[in-house]
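Subject: Handover of a structure and notes on its local features

Dear colleague,

Please find below the structure that I am handing over to you, together with its sequence. I would be grateful if you could read the notes beneath it with the structure open beside you.

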Amino acid sequence: LVAPPVPCLRPWCVDVMASSAPPTAKAADLVPYHGLCSKGGLWTIFAFLPDVALIAALVAGRYAYELTWWYVLASVGGFILLIVLTFVMMFYLGEYDWQIWALQHPRNLISKYWLTPLAPIQALQSCNNEWMHARRLKYGPNFCCAGQVVLGEHAEVERALLAPQARAYYLGQTAFIQSHCPGDDLGQRSTFLLAMSDEGAGGSGDHAKFKSCMGRYFFGSAEMAARRQDGVSAALIEQLAKDYAEARGGFFASQGPLEMFTIKYLHYVIFGLELQGQDLEAVKTFMLGNTGTLHYIWPMGYFKNKRSLIDKVAAIYERAPALQVFEEGVAAHAKMTKSELARMMTGVIRIAGKTGSLQLLQTILGGRKMPNYAGEPTGQIDVTKVWDTLDLDSRDEVKRFTMEVARLYPPVNVSHRVAREPFTCDFSGRAVSFPAGTVVMIPMVYGNLDKGVWGPSAYELDHKRPQLSDRFLGFHSVGDQDAGRICPGRGLVLDMCADVLAALGRTRRQAGAAV
């Protein structure tokens with residue numbers, strides 16, 4: 001798919017597209033950044049050791065012996081082993097200093113060479129909230145991770161969420177394969193909203209137009225609002241409550257009642273689809289497990305290509321009742337076609353809708369253990385004990401409970417932007433500068449756990465805490481404030497969680513909370 005030009009050959013190097021303001025961070029007892037004069041410099045020299053070793057071995061073989069096949073194979077095998085050993089040593093002994101240098105020099109061949117394995121490994125690690133918390137305790141709010149610069153002070157996180165953003169092909173910290181993301185039939189334009197820059201940050205303006213089109217037929221439509229409250233939705237929730245009473249441990253299992261409810265409910269409310277038969281099997285195949293998401297992720301997507309399956313699901317979406325009134329050629333929607341919208345929605349539902357909604361449901365219902373943040377009480381929280389005290393008839397209280405649980409254990413812990421200008425930030429008391437084009441991580445999880453904002457009880461569950469609705473960092477917004485990038489399904493997800501908590505909560509109370 002054609003997107004804004006990205007001349008760098010690696011996903012963490014992006015052309016100048018967004019603005020950045022230098023935050024300041026003062027923290028004591030952190031791992032200091034020494035600069036290139038010490039470990040960082042040594043590791044950059046060490047980075048090419050495998051290449052030098054291979055060349056030396058082949059040259060020595062050429063003059064000392066005849067280059068037999070066994071000698072070449074042994075040399076190449078040794079080269080691969082040395083690469084692995086070098087990377088392991090760099091990763092565990094010099095990663096902190098070295099990654100700072102690499103992001104300061106993104107075009108350098110050494111940077112590209114070694115960020116290739118490092119970035120995706122740390123991207124997976126940083127999806128874990130406990131890992132991110134430990135990283136902050138060690139380095140402070142600002143550091144490098146997964147080929148990005150993390151700027152984690154609460155004020156900076158809020159500022160980033162409330163300003164126009166330039167984007168690259170990332171889901172938060174995870175790089176995506178551009179050609180695997182949604183686009184038009186001819187591959188001439190991308191419709192992948194997460195990678196589209198805002199008009200105020202160098203974008204074409206299509207992001208807002210495509211999102212408006214999505215709102216017209218889905219999240220902002222009166223038809224969807226009606227489906228959320230009709231008999232079909234009520235029957236799905238009623239069946240879920242019965243399954244909750246009967247399924248015991250299998251309720252939260254893969255392909256269990258909760259996961260199947262999430263798939264069926266979202267597809268009915270959003271699209272008007274009552275999935276069954278071959279359509280249900282196709283959607284289940286795409287939605288269940290992790291392979292559907294891996295299709296998009298660099299580099300795993302090259303081995304988990306699901307394009308033909310995505311085309312089947314997009315065809316199902318095109319036939320959905322919600323798109324039977326679709327109007328082609330609307331300038332306010334950037335003349336988006338029905339097939340473009342359907343294909344775009346495959347990514348929206350698979351990446352965010354089903355995955356994020358299911359994780360949030362699992363967490364608020366007690367199916368996921370709360371994160372064990374080092375030195376904090378969060379890991380000891382039993383959300384069901386608080387759930388059992390809620391006024392289930394108070395929609396506001398139930399929604400606040402959902403937001404408070406998500407504050408402590410967010411389904412999406414970070415976002416990203418791309419710096420349009422060079423910027424300087426504080427790394428453990430030292431000013432460190434980075435070039436324009438640097439991918440900047442927006443760690444919403446840090447803002448949601450900041451004791452300077454939430455007080456000494458920041459790591460405790462208190463859905464009655466002041467300013468929760470106004471300061472909650474989730475759904476890519478600050479409370480109800482956003483800069484045009486708020487999750488379009490925010491209202492639907494909060495309503496769904498409230499309905500499920502109320503229905504299953506009554507089931508628990510009828511059973512004496514023995515479910």
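The notes that follow take up the sheet, a helix pair, two histidines and some backbone features in turn.

Please bear in mind that this is a predicted model.

**The sheet**

The model contains an open sheet of four strands in the order E1-E2-E8-E5, with mixed pairing. Its edge strands are E1 and E5, the latter spanning residues 415-418, and each of these pairs on one side only. From one strand to the next, the twist averages 30°.

As general background, the strands of a sheet pair through backbone hydrogen bonds, and the pairing may be parallel or antiparallel. In this sheet, E1 and E2 run antiparallel and are paired over four bridges. Two of the facing residues can be located readily: cysteine 144 has valine 149 of E2 as its bridge partner, and asparagine 142 stands opposite leucine 151 in E2. E2 is also joined to E8 (residues 439-442), here by two bridges and in the parallel sense. On that side, valine 150 stands opposite methionine 441 in E8.

Strand E2 is covered on both of its faces. Gln148 and Val150 point to one side and Val149 and Leu151 to the other, and all are buried.

Two helices should be viewed together with the sheet. Helix H6 (residues 129-139) lies across E1 and E8 and runs at about 130° to E1. Helix H4 (residues 95-104) packs on the sheet, where it touches E1 and E2. The direction of H4 makes about 85° with that of E1.

**The turn between E1 and E2**

E1 (142-145) and E2 (148-151) are linked by a loop that holds alanine 146. The two strands form a hairpin with two residues between them, and alanine 146 takes a positive phi near 55° there. Alanine 146 has this positive phi although it is not a glycine. Is alanine 146 buried or exposed? Its relative accessible area is 1%, so it counts as buried, the limit being under 20%.

**A second positive phi, and a cis peptide bond**

Lysine 335 likewise is not a glycine and has a positive phi of about 55°. This lysine is found in the loop between H14 and helix H15 (338-364). With a relative accessibility of 55%, lysine 335 counts as exposed, because the limit for that class is over 50%.

The peptide bond that leads from tryptophan 298 to proline 299 is cis, with omega near 0°. Proline 299 belongs to the loop between helix H13 (291-294) and helix H14 (307-318).

**The packing of H15 and H21**

Helix H15 packs with helix H21 (residues 490-510) at an angle of about 35°, and the two axes are 11 Å apart. Their crossing is right-handed. Which residues make the contact? From H15 they are Ser357, Leu360, Leu361 and Ile364, and from H21 they are Val493, Met496, Cys497, Val500 and Leu501. By class, eight residues of this contact are nonpolar, one is polar and none is charged.

**Two buried histidines**

Histidine 207 is placed in helix H8 (residues 206-219). Its relative accessible area of 6% falls under 20%, and histidine 207 is therefore classed as buried. The side chain of histidine 207 makes a polar contact of 3.4 Å with the side chain of arginine 485. Apart from neighbours within four places in sequence, histidine 207 is in contact with Leu193, Met196, Ser197, Asp198, Gly484 and Arg485.

Histidine 463 is situated in the loop between helix H19 (451-454) and helix H20 (468-471). Histidine 463 has a relative accessibility of 7% and counts as buried. What does the side chain of histidine 463 join through a polar contact? The partner is the side chain of glutamate 397, at 3.1 Å. If residues up to four places away in sequence are not counted, histidine 463 touches Val386, Leu390, Glu397, Arg400, Phe401, Glu404 and Leu468.

With kind regards

Key. Residues are numbered from 1 along each chain as its sequence is written. This is a predicted model: local features need pLDDT of at least 70, side-chain atom pairs count only at pLDDT 80 or more; totals for chains, interfaces and linings use all residues. Side-chain values use heavy atoms; hydrogens and water are left out. Buried means under 20% relative accessible area, exposed over 50%, partly exposed in between (1.4 Å probe, protein chains only). A polar contact is a pair of N or O atoms within 3.5 Å; within protein, one must be able to donate a hydrogen and the other to accept it, and residues adjacent in sequence count only if both atoms are side-chain atoms. Contact means heavy atoms within 4.5 Å. Axes are lines fitted to C-alpha atoms, for helices over the stretch in contact, and angles run from 0 to 180 degrees between N-to-C directions. A crossing is left-handed if the near helix is turned anticlockwise from the far one by less than a right angle, and right-handed if clockwise. Ala, Val, Leu, Ile, Met, Phe, Trp, Tyr, Cys and Pro count as nonpolar, Asp, Glu, Lys and Arg as charged, and the others, Gly among them, as polar. Two strands pair if DSSP finds at least two bridges between them.
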